[in-house]
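Here are my notes after going through the model, as promised. Have it open next to you while you read.

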Amino acid sequence: MKKLVGTLAAGLAVCGGLVAPVAAGRPAEHMELPDWSKTPVEDRNLGHGVHMLESFGGNIGVLAGDEGVLLVDAEWPELHDKVVAAVSRISRQPIRYLVNTHWHWDHVGGDGLFGKAGAVIFSSEQTRNYIVEAQQQHDPPYVVDPAAIPVVTITNGTKFHLGGQTVEVVHVPPAHTNGDLIVRFVEADVIQTGDTFFHGFYPDIDQPHGGTIDGMIALYDTLYKMCGPNTRIIPGHGPVANRQDVREYQAMLREVRNRVAKAVAAGMSEEQLVASHPLDDLDVKWGGNLIKQPYLLAIVYEELKDKEKAAH
């Protein structure tokens, strides 16, 4: 995902590419949409028929085989023609399967267009429910579109066999949301994480839909164990990563959590925490994209405060 800056109205936050109401007191994050006509879709060839398409929204995984093409995530609909053009340069076969890692618009916005073209859409049950609910409530940018609703839901996991590859789709415990899927291209030694892992900058955590910082941190142990020394990781956003990047990211999030936990234990308010700038040193490496220190602090503070209340 390219660097994002922005101008969304005060009082709204971007939640994984969605515009969502902000929790009381949480600083807003702002996103400025690009000139779509000038936004490239860049192809990273990872070998064994697996590619990563990188652009403004969530990274797309592509597996090309003689039987057809499998996509993991679908980008913004405004980039659909460019995505299709990039895939056509990889394979002349039709796009037959589309896996949604989670429900956020920058990963599923193109679902309806792919569905109308004949792709079968897979997701977790939670992701499907969130998409259906957003359509029913006419939550912008979602509109009623039956073709954009996943057809097959995955409870624990499933496998595809395509292009000489075994593709394992795993439903992981709550992390970015409670409906996250991780995809492993076994023979290619590539893992796609969706937004359970952002490479190079602070994450968003969709708490209203089951996301949790503790779940994110715990998941990185599992993700690390899934990786070998040469495994390439397609993150939800950011460049291709490896297992050491996962460990570094986990350490960063643990440090963020520890600092916020100390503030909660000391009785600081959310506003006092944000005003104290406790992540300034981490900002140097991790603060250069959409999610800024005040927003991340607020997400973590609200989660830990809720846990404190639940414990009493």
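The points below cover a helix pair, the salt bridges and a few single residues.

1. First, a reminder that this is a predicted model. Please read every distance and angle below with that in mind.

2. Let's begin with α5 and α6. Helix α5 spans residues 213-226 and helix α6 spans residues 243-265; their axes come within 9 Å and cross at roughly 155 degrees. Since over 145 degrees counts as roughly antiparallel, α5 is roughly antiparallel to α6. As for handedness, α5 passes α6 in a left-handed crossing.

3. Which residues of α5 and α6 make the contact? On the α5 side they are Ile213, Asp214, Met216, Ile217, Tyr220, Asp221, Leu223 and Tyr224. From α6 come Arg243, Gln244, Val246, Arg247, Tyr249, Gln250, Leu253, Arg254 and Arg257. Sorted by class, the contact of α5 with α6 has nine nonpolar, two polar and six charged residues.

4. Now the charged pairs. How many salt bridges does the structure hold? The count is 13. I picked out a few to look at.

5. Within helix α9, Glu308 forms a salt bridge with Lys305, and their closest N and O atoms are 3.3 Å apart. Both residues lie in α9, three residues apart, which is about one turn of the helix. Glu308 has a relative accessible area of 28% and Lys305 one of 22%, so both are partly exposed. There is also a network to look at: salt bridges that share partners join Asp214, Arg257, Glu303 and Lys307. Two of its members will be familiar from point 3, as Asp214 of α5 and Arg257 of α6 are among the residues that make the helix contact.

6. Another pair bridges two strands. The side chains of Arg184 and Glu168 meet in a salt bridge at 3.4 Å, N to O. Arg184 sits in strand β12 (residues 181-185) and Glu168 in strand β11 (residues 165-171), so this pair, 16 residues apart, links distant parts of the chain. Arg184 is partly exposed, at a relative accessible area of 26%.

7. Asp35 and Lys38 also form a salt bridge, with the closest N and O atoms 4.0 Å apart. Is each partner buried or exposed? Asp35 has 41% relative accessibility and counts as partly exposed, whereas Lys38 has 68% and counts as exposed.

8. Lys38 turns up again around Lys82, a residue of helix α1 (residues 80-90). Leaving aside residues up to four places away in sequence, Lys82 touches Trp36, Ser37, Lys38, Thr39 and Val41. Lys82 itself is partly exposed, with a relative accessible area of 27%. Its C-alpha atom is separated by 35 Å from that of Asp221, 139 residues apart along the chain.

9. Where does Asn289 lie? Asn289 is in the loop between α8 (280-286) and α9 (293-310). Its relative accessible area is 5%, and under 20% means buried, so Asn289 is buried. The C-alpha atoms of Asn289 and Tyr202 are separated by 7.6 Å, although the two are 87 residues apart along the chain.

10. Last, His161 in strand β10 (residues 157-162). His161 is exposed, because its relative accessible area of 61% is over 50%. From the C-alpha atom of His161 to that of Asp35 the separation is 38 Å, with their positions 126 residues apart along the chain.

Definitions and conventions: Residues numbered from 1 in each chain as written. Predicted model: local features only at pLDDT ≥ 70, side-chain atom pairs only at ≥ 80, totals over all residues. Heavy atoms only, no water. Helix = DSSP H or I, 4+ residues; strand = E, 2+ residues; numbered from the N terminus. Buried < 20%, exposed > 50% of the residue type's maximum accessible area, 1.4 Å probe, protein only. Axes fitted to C-alpha atoms, helices over the stretch in contact; angles between N-to-C directions. Parallel < 35°, antiparallel > 145°, perpendicular 65-115°, else oblique. Left-handed = near helix turned anticlockwise from the far one by under 90°. Contact = heavy atoms within 4.5 Å. Nonpolar A, V, L, I, M, F, W, Y, C, P; charged D, E, K, R; others polar.
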